[in-house]
Amino acid sequence: MKRIGILTSGGDAPGMNAAIRAVVRSAIYNGMEVYGIKRGYAGLINGDFVKMDLGSVGDIIHRGGTILRTARSEEFKTPEGMEKALKNIEALGLEGLVVIGGDGSFRGAIELSKRGVATIGIPGTIDNDIPFTDYSIGFDTAVNTVVEAVNKIRDTATSHERTFIIEVMGRESGNIALYSGVACGAETILVPEIPFTINDVCNKIMSGYRRGKLHSVIILAEGAGHGFDVGREIKNITGFETRVIVLGHLQRGGTPTAFDRILASQMGGKAVELLKSGMSNKMVGWVKGELLVTDLEQILTAHKVFNIELFELANILSI
Ligand code: ATP
């Protein structure tokens, strides 16, 4: 394989740059040319390509976001959009493509591989909702961002004896809430995977209060409810003052943690190795400390298992 492309697609995640760097440098080391495609599949349709060299990925390993930009492209899902993309791929002579993104981006990669373009997926999403990998790039950084924010909130929560509801990202996945909740020692973690009643939440706050707890921190995944609604209901039932903080896009930004940089570097290097050996339609994952290669189709039919043991442990530790 002589010439490959790389793109980032869907939501951005800290560590994507480290993955881009790893792909570009590994490919050049292996005698390949690399083209960066700007704004995901939209760039593939518009021919928005830039030749990457060793220097073009210098000084980016520590930066959040993605130097290639990212986008969502509805046009790419249409036959006309796909045709335009394939024409551009052919005109440029790209034989392989590395796609960094979430499951939507992998659907696009599968479509390309069906049409003869060798594609390798790298999981890059803060939600950590991709199966066949313990972690996706950006998740560890997002969790650490939440933990830092909650550390600060705890100081003021204790001083004012208040209940704080911290709404974090995760429409369908409670992973950020679960992991940050355990790391923060949150009193309550609310996730879309586990049903709850507001009365249970209130009972826990009140029993904590009775035994002298000065504050209560509730981490709420956005998919489990709206922070302001939950805050209002708790106040109505318990009479306690509540404060709601929606962390929002803060969680997507920031310098990637060492863990995310190492994960991204390993996955990027492996993606190039797979393309070089003629593989296509695969995702590079990381399971129990080792890289794992899985068919992209399998990723889309499976479901990431929620870590129920960790959730139960969190409940035990916050009695
Ligand atoms: P995140 O989970 O962070 O949102 P994602 O990769 O799942 O990331 P999506 O918006 O679902 O994000 O998908 C990104 C892009 O992938 C879409 O805008 C579209 O261009 C492409 N895509 C998604 N589904 C398909 C499909 N069925 N066929 C072709 N392309 C697709």
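This short talk describes a predicted model of a protein chain with its ligand.

Good morning, colleagues. I shall start with confidence. The chain has a mean pLDDT of 96, and 100% of its residues reach 70 or more. For the complex, the predictor reports an ipTM of 0.94 together with a pTM of 0.96.

Let me turn to the overall fold. The chain contains 11 helices and 11 strands. Its radius of gyration is 22 Å, close to the 20 Å that the globule rule gives for 319 residues, so the chain is as compact as a globular protein of that length. Along the principal axes, the C-alpha atoms fill a box of roughly 70 × 35 × 30 Å. Of the 319 residues, 49% count as buried. As for contacts with a separation of 6 or more, 75% of them join residues that are 24 or more positions apart.

I come now to the ligand. Which residues come nearest to it, of the 18 around it? They are Gly10, Gly11, Gly102, Gly104 and Gly108. By class, this shell holds 10 polar, six charged and two nonpolar residues. The element that gives the most to the shell is helix α4, spanning residues 103-114, with six residues.

Helix α4 also holds a residue that deserves a closer look, aspartate 103. In the unreviewed UniProt entry, the annotation "binding site" covers Asp103. Is this aspartate buried, partly exposed or exposed? Aspartate 103 has 19 other C-beta atoms within 10 Å; because 20 or more would be needed to call it buried, and 12 or fewer to call it exposed, it is classed as partly exposed. Setting aside residues up to four places away in sequence, Asp103 touches Ile130, Ile299 and Leu300.

My last residue is isoleucine 67. Where does it sit? Isoleucine 67 is found in the loop between β3 (49-52) and α3 (79-92). With 18 other C-beta atoms within 10 Å, isoleucine 67 is partly exposed. Apart from neighbours within four places in sequence, its contacts are Asn17, Ile20 and Ile60. One distance may help you place this loop residue on the screen: from isoleucine 67 to phenylalanine 164, C-alpha to C-alpha, is 36 Å in space, and the two are 97 residues apart in sequence.

To close, I would return to two points. Helix α4 is the element that gives the most to the ligand shell, and Asp103, which lies in helix α4, is the residue covered by the "binding site" annotation in the UniProt record. Thank you for your attention.

Note on methods. Residues are numbered from 1 along each chain as its sequence is written. This is a predicted model: local features need pLDDT of at least 70, side-chain atom pairs count only at pLDDT 80 or more; totals for chains, interfaces and linings use all residues. A residue is near a molecule or strand if its C-beta atom, placed from the backbone, lies within 6 Å of it. Helices (H or I, at least four residues) and strands (E, at least two) are DSSP runs, numbered from the N terminus. Ala, Val, Leu, Ile, Met, Phe, Trp, Tyr, Cys and Pro count as nonpolar, Asp, Glu, Lys and Arg as charged, and the others, Gly among them, as polar. The radius of gyration is taken over C-alpha atoms; the globule rule is 2.2 Å times the number of residues to the power 0.38. Two residues are in contact if their C-beta atoms, placed from the backbone, lie within 7 Å. pLDDT is the predictor's confidence in each residue, from 0 to 100. UniProt positions are given in the numbering used here, feature names are shortened, and annotations may be inferred rather than shown by experiment.
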